[in-house]
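Work through the exercises below with the sequence and the model open. Try each task before reading its solution.

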Amino acid sequence: MPPVKPMLAKSVSAIPAGMQYEAKWDGFRAIVYRDGAEVEIGSRTGKSLTRYFPELVAALRDNLPDRCVVDGEIVIVHDGRLDFDRLTERIHPAASRVKFLAGTTPSSFIAFDLLALGDDTFLDTPLAERRSALVRVLSTARPPVHLAPATTDPALAREWFEQFEGAGLDGVIAKPLDLPYRPDARLMFKIKHERTADVVVAGFRFHKSGPIIGSLLLGLHDQHGTLQHVGVCAAFPMKRRAEMVEELEPLRMDDPHGHPWAAWAEESAHESARLPGAQSRWTGKKDLSWVPLRPERVCEVAYDHMEGDRFRHTAQFRRWRPDRTPQSCAYAQLEEVVGYDLAEVLGAGG
């Protein structure tokens, strides 16, 4: 019975041998519960996603066994690749908006694990057996419900790691074949892409615990020379967070006039530029205010991939770059990934 938290993965630097390998999908992790006509979609935190994906409820009812619990990922495909921005638009309080988006940008469900079938729980069943059962029960499934491709060939997994990024995927997940299903435990392995970029530090947010650095606000110049907000880096030891407040003090602007993101508080400004401080559907009333800095310092960060014109996930601080000028930090430095049609990914294995 819901809620059940999904089993998780920890990051490793290389694809380990002797496991089952799957693509790492960039969507909303979801555990689906079906009992006859009743379908419930649970999020990674256990909260219900059902109302946000009404088109999936009907599809899951048509494609899943009568009574089952299935782990997978909700994704939206646009122009042959995953589109996380369109996916986040579905988390909307207005039912009319959700209904409209369900028709214009329909979602799909990628199934990759089986937790229960009929009266039987599979939590203590080894992965290899769970996979065989999942393949069997989804043998007649049709889009938008898909069986995630999987392989035990590490060479093919390395090929997927290189190719599938062009379709918007995160990397590769490796799962021990004898692994039971353990909710909320990091027993799988994820191998993600990592690249570096030199970015402008144009502001920061305080940490929730007090007057120390919580996150640095990062920018890149577009083709017009405008500094666009592209994301944050936030993982620092507590001592380092305090030190950085002093380091950045000379750059603090008491008056944000003249700062490239000075209009962040104006809702209309977010329509034409990427600015920090926009209201988030996920954070609700969370304080998104920030401290503007003169955009004069450059740092190098590591990131996995871009979602449109921003970092998809929180970037990782690597080092200050006093040898780089802010004006030299532009989108042009970023690596372009070769495109790859998602339909090819879904047909890659069984």
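**Exercise 1. Cis peptide bonds**

Where is the place of Pro144? Then describe the peptide bonds at the two Pro-Pro steps.

Solution. This is a predicted model.
- Step 1: Pro144 sits in the loop between α4 (127–137) and β10.
- Step 2: the bond joining Pro143 and Pro144 is cis, with omega about 15 degrees.
- Step 3: the peptide bond from Pro2 to Pro3 is also cis. Its omega is near 5 degrees.
- Step 4: Pro3 belongs to the segment before β1 (8–11).
- Step 5: most peptide bonds are trans.

**Exercise 2. Strand β8 and its partners**

Which strands are joined to β8, and in which direction does each pair run? Is β8 largely enclosed or open?

Solution.
- Step 1: take strand β5 (residues 67–75). It is joined to β8 by 8 bridges, and the two run antiparallel. Ile74 faces Phe109 of β8 across this pairing.
- Step 2: take strand β10 (residues 145–147). Here 3 bridges make the link to β8, and the pair is parallel. His146 in β10 is the bridge partner of Ile110.
- Step 3: take strand β9 (residues 120–121). It is joined to β8 by 2 bridges in an antiparallel arrangement. Leu117 stands opposite Asp120 in β9.
- Step 4: inspect the turn. The hairpin of β8 and β9 has 2 residues between the strands, and Gly118 takes a positive phi near 60 degrees there.
- Step 5: check burial, which means under 20% relative accessible area. In β8 (residues 108–117), 9 of the 10 residues are buried, so the strand is largely enclosed by the rest of the structure.

**Exercise 3. The open sheet**

What is the strand order of the open sheet of 5 strands? Which strands stand at the edges?

Solution.
- Step 1: read the order as β16-β15-β14-β17-β20, with antiparallel pairing.
- Step 2: find the ends. β16 (227–233) and β20 (316–320) each have a single partner strand, so one side of each lacks a neighbour in the sheet.
- Step 3: add the twist. It averages 50 degrees from one strand to the next.
- Step 4: look at one pair. Strand β15 (residues 210–221) is joined to β16 by 6 bridges. Leu218 stands opposite Gly231 in β16.
- Step 5: place the helix. α6 (residues 238–248) packs on the sheet and touches β14 (195–207), β15, β17 (291–303) and β20. Its direction makes about 65 degrees with that of β15.

**Exercise 4. Positive phi outside glycine**

Where does Asp79 lie, and where does Asp184 lie? Classify the accessibility of each residue.

Solution.
- Step 1: most residues other than glycine have a negative phi.
- Step 2: Asp79 has a positive phi of about 55 degrees. Asp79 lies in the loop between β6 (77–78) and β7 (81–82).
- Step 3: Asp79 is exposed, with a relative accessible area of 72%.
- Step 4: Asp184 has a positive phi of about 65 degrees. Its loop runs between β12 (171–176) and β13 (186–192).
- Step 5: Asp184 counts as partly exposed, at 46% relative accessibility.

**Exercise 5. Confidence**

Over which residues is the pLDDT below 50?

Solution.
- Step 1: the chain averages a pLDDT of 89, and 91% of the residues score at least 70.
- Step 2: residues 267–273 fall below 50. This stretch has 8 contacts in the model beyond near neighbours in sequence.
- Step 3: residues 278–287 stay under 50 too. The model gives them 14 contacts beyond four places in sequence.
- Step 4: where pLDDT is low, the predicted coordinates should not be read in detail.

Terms used:
Residues numbered from 1 in each chain as written. Predicted model: local features only at pLDDT ≥ 70, side-chain atom pairs only at ≥ 80, totals over all residues. Heavy atoms only, no water. Buried < 20%, exposed > 50% of the residue type's maximum accessible area, 1.4 Å probe, protein only. Helix = DSSP H or I, 4+ residues; strand = E, 2+ residues; numbered from the N terminus. Pairing = 2+ DSSP bridges. Axes fitted to C-alpha atoms, helices over the stretch in contact; angles between N-to-C directions. Contact = heavy atoms within 4.5 Å. pLDDT = per-residue confidence, 0-100.
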